[in-house]
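Student: Could you take me through how one reads a model such as this, feature by feature?
Tutor: Gladly; let us look at it together and then begin.

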Amino acid sequence: MDSEQAFCRFVRHALAPGAGERLAAMATGAKGRRKILLALSHRFRSDIRAEAIRRLGTACALDRPCYVYCEGMPFGAAMATVQGAYENLAECDSWLILLQDGSAAIHRPERWDDEVEIGL
């Protein structure tokens with residue numbers, strides 16, 4: 001599964017139905033991808049379905065490969081492990097680390113204390 005497919009699978013299941021479909025459609029074009037990366041700072045968090053939120057450390061295995069969605073990086077940049085991605089983004093805000101199968105993610109919005117783990 002490539003980064004766009006994983007992202008689309010994830011948002012369709014983890015976000016409110018209208019929001020998930022909207023972001024999946026936006027992920028197919030460069031302009032939409034830029035808007036998605038900007039939305040990670042605040043709007044994305046409010047669209048996450050409450051039942052998809054997990055306690056930190058329970059949904060994402062740190063040794064699994066992942067994709068990173070963060071402004072200033074290519075959309076869905078591949079990383080060898082979640083742990084490595086998390087360490088590389090330690091000083092950043094507004095990002096999403098997504099398992100390559102699209103089953104779970106860690107999201108950090110602009111406010112770091114609102115970081116959440118999301119599982120399908």
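Student: What percentage of the residues of the protein chain count as buried?
Tutor: A residue is called buried when its relative accessible area is under 20%. In this structure, which is a predicted model, 47% of the 120 residues of the protein chain fall in that class. As for the surface that remains accessible, it comes to about 5,900 Å², and 52% of it belongs to carbon and sulfur atoms.

Student: How many helices and strands does the protein chain have, and in what order do they run?
Tutor: One counts the elements and then follows them from the N terminus. Here there are five helices and six strands, in the order α-α-α-α-β-β-β-α-β-β-β. The radius of gyration of the protein chain is 12 Å, close to the 14 Å that the globule rule gives for 120 residues, so the chain is as compact as a globular protein of that length. Taken along the principal axes, the box filled by the C-alpha atoms is roughly 30 × 30 × 30 Å.

Student: Which residues have the most contacts inside the largest nonpolar core?
Tutor: Such a core is a set of buried nonpolar residues joined through side-chain atoms within 4.5 Å. The largest one here has 26 residues, and those with the most contacts inside it are Phe7, Phe10, Phe44 and Tyr69. At least two residues each are supplied by helix H1 (3-14), helix H2 (17-26), helix H3 (30-39), strand S2 (66-70), strand S4 (95-99) and strand S6 (116-119), with H1 giving the largest share, six residues. Apart from this core lies another, of 13 residues, among them Met79, Ala85, Trp95 and Ile97.

Student: Which residues is Phe10 in contact with, once its neighbours within four places in sequence are left aside?
Tutor: The partners of Phe10 are Leu15, Phe44, Leu96, Leu98, Gly102, Ala104, Ala105, Ile118 and Leu120. For the protein chain as a whole, one can take the contacts between residues at least 6 apart in sequence, of which 53% join residues at least 24 apart.

Student: Where does Met1 lie, and what does it touch?
Tutor: Met1 is in the segment before H1. Not counting residues up to four places away in sequence, Met1 touches Ala6, Arg9, Tyr67, Gln100 and Asp101. Met1 and Asp101 are 100 residues apart in sequence, yet their C-alpha atoms are 6.5 Å apart in space.

Student: How far apart are the mean positions of the positive and negative charges?
Tutor: In the protein chain, the mean positions of the 15 positive and 16 negative charges are 7 Å apart.

Notes:
Residues are numbered from 1 along each chain as its sequence is written. This is a predicted model: local features need pLDDT of at least 70, side-chain atom pairs count only at pLDDT 80 or more; totals for chains, interfaces and linings use all residues. Side-chain values use heavy atoms; hydrogens and water are left out. Helices (H or I, at least four residues) and strands (E, at least two) are DSSP runs, numbered from the N terminus. The radius of gyration is taken over C-alpha atoms; the globule rule is 2.2 Å times the number of residues to the power 0.38. Buried means under 20% relative accessible area, exposed over 50%, partly exposed in between (1.4 Å probe, protein chains only). Contact means heavy atoms within 4.5 Å. Accessible areas come from the Shrake-Rupley method with a 1.4 Å probe; for residues, only the protein chains shown count as cover. Lys and Arg count as positive and Asp and Glu as negative; His and the chain ends are not counted. The place of a charge is taken as NZ of Lys, CZ of Arg, CG of Asp or CD of Glu.
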